[in-house]
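Q: Could you walk me through this structure, one piece at a time? I'd like to start with a single spot and then zoom out.

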There are 2 protein chains.
Amino acid sequence: MTDETDNQRHQMKMQRRKEVQDKEVSEKTIEKGLLAINTGSGKGKSTAAFGLALRMLGRGKRVVVVQFIKGAWSTGEKIALERFDDLLEWHSMGEGFTWETQDRHRDIAACVRAWDVVRTALSRDDVGLVVLDELNIALRYDYLPLETVLEDLAARPAMQHVVITGRNAPAALVEAADLVTEMTLVKHHFKAGVKAQEGIEF
Amino acid sequence: MTDETDNQRHQMKMQRRKEVQDKEVSEKTIEKGLLAINTGSGKGKSTAAFGLALRMLGRGKRVVVVQFIKGAWSTGEKIALERFDDLLEWHSMGEGFTWETQDRHRDIAACVRAWDVVRTALSRDDVGLVVLDELNIALRYDYLPLETVLEDLAARPAMQHVVITGRNAPAALVEAADLVTEMTLVKHHFKAGVKAQEGIEF
């Protein structure tokens, strides 16, 4: 087979693929605010949520970030997003990991305060995306009533997107979601003795 | 059990967990530039790579983005990252999906040009992170020799991080990587007839 016939075969294959692709695209007509969840034990759950925030900001849409667990320390993404203070609101409501605070009452109080902030964001038509970072952890420890969370999410503006991160997303939340991605660990540098590094983990 | 004993049990459990956590952290001492791969058929591969870019930018490190397939059209993340033109270089070297170009020769030529740009970035000590968006697709179609890619990656500065995205990461690339995450599709809104929306997909 000459290189030229190879190229022609490729072209025919791609023409067919484009027809399939175009048909699929034409069948999708619904526009709606998505409830998205990034879960699993792999890396990239919060990272992808902030990547999504970046995409929304690029489109000139307002973004509200509420952090449930993290927040007591500075992160690269938080510093970077300061350049978008015309469009982005950042609320670090967490007081650190549960094994740092070691105080269940204090963790619950912090989560309840955080949810008040979320509820306000979920009532605003001008907010395009709400990022609920590590909410799954708060739900996992029963720091917030799942029923209230589901009700408030369902009552948000029709075109508002929400992305929720954290391991162990509750089944009822997965059920309510439009988009669920599991970040699966295939290989991790921590296992090879590499430490958490600036710009990578925080 | 009273609420107070419940809280005390929680505290003891968390103290033990913190000891384990601190020990684990203390055992990780290596610092190195990571070769990271975001693969799988789920959403969030490129999104997480741009989230990582954001984190690096927040830490004041230089980032170079090279897009292999995408690039012929505007995206939210590209527009947003214009606010970091003091630290970020963006090279859209792709000419669209393979089923759009329908020209294998042209696709290969675009990938070869892109790799020249990558090689320059991989030789620069002042670049903290190189994002190779959709490189896996180019490798999958044999648009670039995998051996050259692996050699050039191995020869980069010791502290430079690289993140590669795209489905079907080649086995030899996974082998060479420090961190591999598979984005797994649990539920997708396209299946429910929802179209690609600004700020979410692009």
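Q: Where does Met93(B) sit?
A: This is a predicted model, and in it Met93(B) lies in the loop of chain B that runs between β3 (88-92) and α4 (98-101).

Q: And which residues is Met93(B) in contact with, leaving aside its neighbours within four places in sequence?
A: With those neighbours set aside, Met93(B) is in contact with Val66(B), Gln67(B) and Phe68(B), and also with Ala110(B), Arg113(B), Ala114(B) and Val117(B). Its C-alpha atom is separated by 9.5 Å from that of Val112(B), which is 19 residues apart from Met93(B) along the chain.

Q: OK, what about the nonpolar core, which residues touch the most other members?
A: The largest nonpolar core has 46 residues, and those touching the most other members are Val63(A), Val131(A), Val63(B) and Val131(B).

Q: What does Val131(B) touch, then, not counting residues up to four places away?
A: Val131(B) touches Ala49(B), Phe50(B) and Ala53(B), then Val63(B), Val64(B), Val65(B) and Val66(B), and finally Val163(B).

Q: Switching to helix α1 of chain B: what span should its residues have?
A: Helix α1 of chain B covers residues 3-27, and at 1.5 Å a residue its 25 residues should span 36 Å; because its end C-alpha atoms are 36 Å apart, the model agrees with that expectation.

Q: Which of its residues are buried, and what do they pack against?
A: The buried residues of α1(B) are Asn7(B), His10(B) and Met14(B), and they pack against α4 (98-101) and α5 (104-122) of chain A.

Q: So how many residues of each chain are in contact?
A: In chain A, 80 residues are in contact with 80 residues of chain B. Between them the two chains bury about 7600 Å², with 56% of that on carbon and sulfur atoms. Arg55(A), Arg59(A) and Trp99(A) supply 11% of the area that chain A buries against chain B, which is more than any other three residues supply.

Q: How are the two copies related?
A: A turn of 180° with a shift of 0.0 Å along the axis lays chain A on chain B with an RMSD of 0.0 Å, so the copies are related as by a two-fold rotation axis. The same surface serves both copies, since 100% of the contact residues of chain A recur in chain B.

Q: Last one: how many disulfides are there, and is Cys111(A) buried or exposed?
A: A search of the whole structure finds zero disulfides over all chains. Cys111(A) counts as buried because its relative accessibility is 1%, under the 20% cut-off, and Cys111(B) is buried with a relative accessible area of 1%.

Methods: Residues are numbered from 1 along each chain as its sequence is written. Chains are lettered from A and ligands numbered from 1 in the order in which they are written. This is a predicted model: local features need pLDDT of at least 70, side-chain atom pairs count only at pLDDT 80 or more; totals for chains, interfaces and linings use all residues. Side-chain values use heavy atoms; hydrogens and water are left out. A disulfide is a pair of cysteine sulfur atoms within 2.5 Å. Buried means under 20% relative accessible area, exposed over 50%, partly exposed in between (1.4 Å probe, protein chains only). Copies are superposed by least squares on the C-alpha atoms of residues with pLDDT of at least 70 in both. Contact means heavy atoms within 4.5 Å. A nonpolar core is a set of buried Ala, Val, Leu, Ile, Met, Phe, Trp, Tyr and Cys residues joined through side-chain atoms within 4.5 Å. Helices (H or I, at least four residues) and strands (E, at least two) are DSSP runs, numbered from the N terminus. The expected span of a helix is 1.5 Å times one less than its number of residues. Buried area is the accessible area (1.4 Å probe) that two parts lose on being put together, summed over both.
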